[in-house]
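The following exercises ask the reader to check geometric features of a structure against simple expectations. Each task is followed by a solution in steps.

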Amino acid sequence: AFFWLLSLLAASLLWFVSVQLSGREDAALLQLGAAAAVLLQELCRFACFKILKKVDEGLATLSEDGRSPISLRQMAYVSGLSFGIISGAFSIINILVDSAGPGTVGIHGDSPYYFITSAFLTMALVLLHTFWGVIFFDACERRHAGGLGLVVGSHLLTSGLTFLNPWYEASLGPIFILTLCTGLWAFGTAGGSFHNVLKCLSCKGGQD
Amino acid sequence: MITFMNNSDSEEEPCNERTSLMSAESPPVPSYQDGPQASEGGEAQAHRKRRAGSSRGPNNVAGGEMSGSGVPVRESALENEEEELTLKYGAKHVIMLFVPVTLCMIVVVATIKSVRFYTEKNGQLIYTPFSEDTPSVGQRLLNSVLNTIVMISVIIVMTVFLVLLYKYRCYKFIHGWLILSSLMLLFLFTYIYLGEVLKTYNVAMDYPTLFIVIWNFGAVGMICIHWKGPLQLQQAYLIMISALMALVFIKYLPEWSAWVILGAISIYDLMAVLCPKGPLRMLVETAQERNEPIFPALIYSSAMMWTVGMAKPDTAARGPSQQTWDAAEDGREHLRSPSHAESQMSETRSPVPTRPVSSLEELEEEERGVKLGLGDFIFYSVLVGKAAATASGDWNTTLACFVAILIGLCLTLLLLAVFKKALPALPISITFGLIFYFSTDNLVRPFMDTLASHQLYI
């Protein structure tokens with residue numbers, strides 16, 4: 001969460017400076033700011049990975065049997081989850097607070113579905129961050145550049161799709177499909193498979 | 001130590017006037033001992049050493065102190081296992097500290113957001129005599145700096161006074177001071193707080209009911225903090241007291257002064273704990289020489305409750321587990337024979353929880369607790385509360401400050417594990433908090449607002 005905040009800080013700084021310099025606010029600058037934010041987030045995720053890797057090695061040397069008590073996969077999951085939580089919290093909390101107060105949604109001609117779509121988008125984003133975290137760490141661990149590229153690319157794509165709001169069909173639909181695919185990919189990366197799922201379900205059933 | 005001193009400071013204040021009480025309480029030097037007891041300083045260390053010794057081996061002082069980060073930088077191979085144990089316990093202790101700090105902040109933020117009383121400006125304390133209503137920016141800045149100087153010097157004077165009292169063994173005086181402070185805090189401030197909350201929600205309550213409620217709350221609080229009580233209840237009371245104190249600070253400190261004071265206090269804390277001639281350090285060392293525990297009433301203890309006991313030389317063992325207090329005496333005794341002083345101290349320390357140090361009193365065996373001064377709690381909550389009260393970015397800023405403070409706490413606990421001595425808990429967290437507050441409020445907020453208005457996600 002701290003790293004995500006750092007990246008957000010850097011991105012805002014960039015955007016703010018660019019707005020001041022150009023003297024006006026327009027959509028192009030916003031896109032630039034958003035893209036910079038995405039790239040900086042991924043950079044911070046990488047920094048997170050580096051630090052956690054060091055921690056992992058430290059834990060491994062300290063423990064008795066040479067293995068650290070927390071696996072790198074768990075760390076990847078936690079890191080992704082925390083990125084997602086803080087990103088989601090930052091995105092939605094002001095909206096939630098506003099929704100608790102008086103007002104009418106979309107009275108000025110905007111979409112009346114603002115709140116509900118925001119909620120869904122935030123949920124998708126949180127899940128996506130978690131999945132990206134798992135995939136990212138795994139790709140870094142195995143030095144698989146393709147995985148890294150795909151994570152960054154899909155993040156940029158997601159952010160770009162939100163630019164299509166309020167044309168919700170074009171943004172929400174693809175984002176959810178992307179979430180699903182990324183989820184399956186992360187599941188596979190973490191070592192799961194169809195057989196595992198079946199075994200898990202059947203074990204549960206068997207023990208009843 | 002530091003915490004101790006702070007408390008004393010506050011206590012003196014209360015006697016004079018309400019405002020002075022408030023000021024007094026707050027300033028206490030935040031001696032947080034992030035780790036093992038920065039605030040409580042020496043005593044805790046002494047205890048810990050003993051405890052660590054009992055649990056691990058006589059020389060393993062570090063173990064005792066490792067409350068937080070659990071990154072034992074262990075040199076010898078023999079200690080690998082202990083380190084691992086420490087690591088596990090250390091991580092557990094970090095979590096044990098996160099929960100109370102978070103709770104305190106939640107209470108403060110919830111109150112600030114809902115009860116309007118605490119964001120109204122109704123005058124200032126005498127500790128901040130210069131007003132900030134001046135038209136020019138330069139004048140306002142100057143006034144806030146002057147306010148800070150006044151406040152910090154009050155704190156320094158109080159702290160030195162406390163150290164002197166401790167050095168010359170005026171335990172009764174300290175004791176009385178602490179009791180008076182906590183009395184004020186538990187009764188008067190709670191009454192005001194309850195009154196304001198009831199006003200906000202338009203709930204009617206008659207005076208007899210109010211009297212009964214406040215009487216019970218205060219009496220149980222006094223007993224829990226200064227004498228015996230269940231650990232959870234004691235922790236809950238300490239959290240509530242810290243939150244009340246923080247609310248008072250938020251209300252009565254003017255805007256810019258509050259920020260400058262926060263910065264100055266963390267610098268002071270750093271110096272007071274680490275400089276050889278710093279008052280807090282002297283306090284810790286004196287406590288260590290005498291093998292006395294640091295005042296328990298001012299410390300938040302995440303594990304056993306050693307601290308809050310009565311000051312009886314033999315009531316050492318508070319009980320091995322975090323459950324109740326009664327039994328432990330024997331267990332404790334043989335664990336920590338030399339350090340019974342703690343109980344003595346605890347009694348005296350009460351009142352102003354300004355800096356209560358939360359100590360991790362270790363359980364008899366391996367359970368080591370972490371101690372954090374109450375002053376630390378208070379200043380963390382002041383920062384987050386101020387962020388909630390005055391930031392126009394609302395919740396984003398509050399969230400950012402919250403995360404920053406917790407990360408600072410983590411780092412401090414990590415350092416504690418590395419250095420194994422009392423450390424100031426304020427500097428790192430407050431620095432992060434301040435940086436994040438100002439940057440989030442001014443830079444991130446416009447960015448996020450623009451993004452949100454177009455419903456863009458990054």
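**Exercise 1. Helix length**

Compare the expected span of helix α10 (residues 255–274) of chain B with the distance between its end C-alpha atoms in this predicted model.

Solution. The helix has 20 residues, and at 1.5 Å a residue these should span 28 Å. The multiplier is one less than the number of residues. The end C-alpha atoms of α10(B) are 29 Å apart, which agrees. Its buried residues include Trp259(B), Ile261(B), Leu262(B), Tyr268(B) and Asp269(B).

**Exercise 2. Annotated spans**

Determine the helix content of residues 234–250 and 399–419 of chain B.

Solution. The unreviewed UniProt entry lists both spans as "transmembrane region". Residues 234–250 of chain B are 100% helix and 0% strand, with end C-alpha atoms 24 Å apart. Residues 399–419 of chain B are likewise 100% helix and 0% strand, and the end C-alpha atoms there lie 30 Å apart.

**Exercise 3. Nonpolar cores**

Identify the residues with the most contacts inside the largest nonpolar core.

Solution. This core has 91 residues, and those sought are Val101(B), Tyr380(B), Leu383(B), Leu409(B) and Ile430(B). Helix α9 (residues 231–252) of chain B gives the most to the core, with 13 residues. A second, separate core of 19 residues includes Phe90(A) and Phe447(B).

**Exercise 4. Backbone angles**

State the phi of Asn202(B) and where the residue lies.

Solution. Most residues other than glycine have a negative phi. Phi of Asn202(B) is positive, near 55 degrees. Asn202(B) lies in the loop between α7 and α8 (207–226) of chain B. With a relative accessible area of 71%, Asn202(B) is exposed, the cut-off being over 50%.

Definitions and conventions
Residues numbered from 1 in each chain as written. Chains lettered and ligands numbered in written order. Predicted model: local features only at pLDDT ≥ 70, side-chain atom pairs only at ≥ 80, totals over all residues. Heavy atoms only, no water. Helix = DSSP H or I, 4+ residues; strand = E, 2+ residues; numbered from the N terminus. Buried < 20%, exposed > 50% of the residue type's maximum accessible area, 1.4 Å probe, protein only. Core = buried A, V, L, I, M, F, W, Y, C linked by side-chain atoms within 4.5 Å. UniProt positions renumbered as here; feature names shortened; annotations may be inferred.
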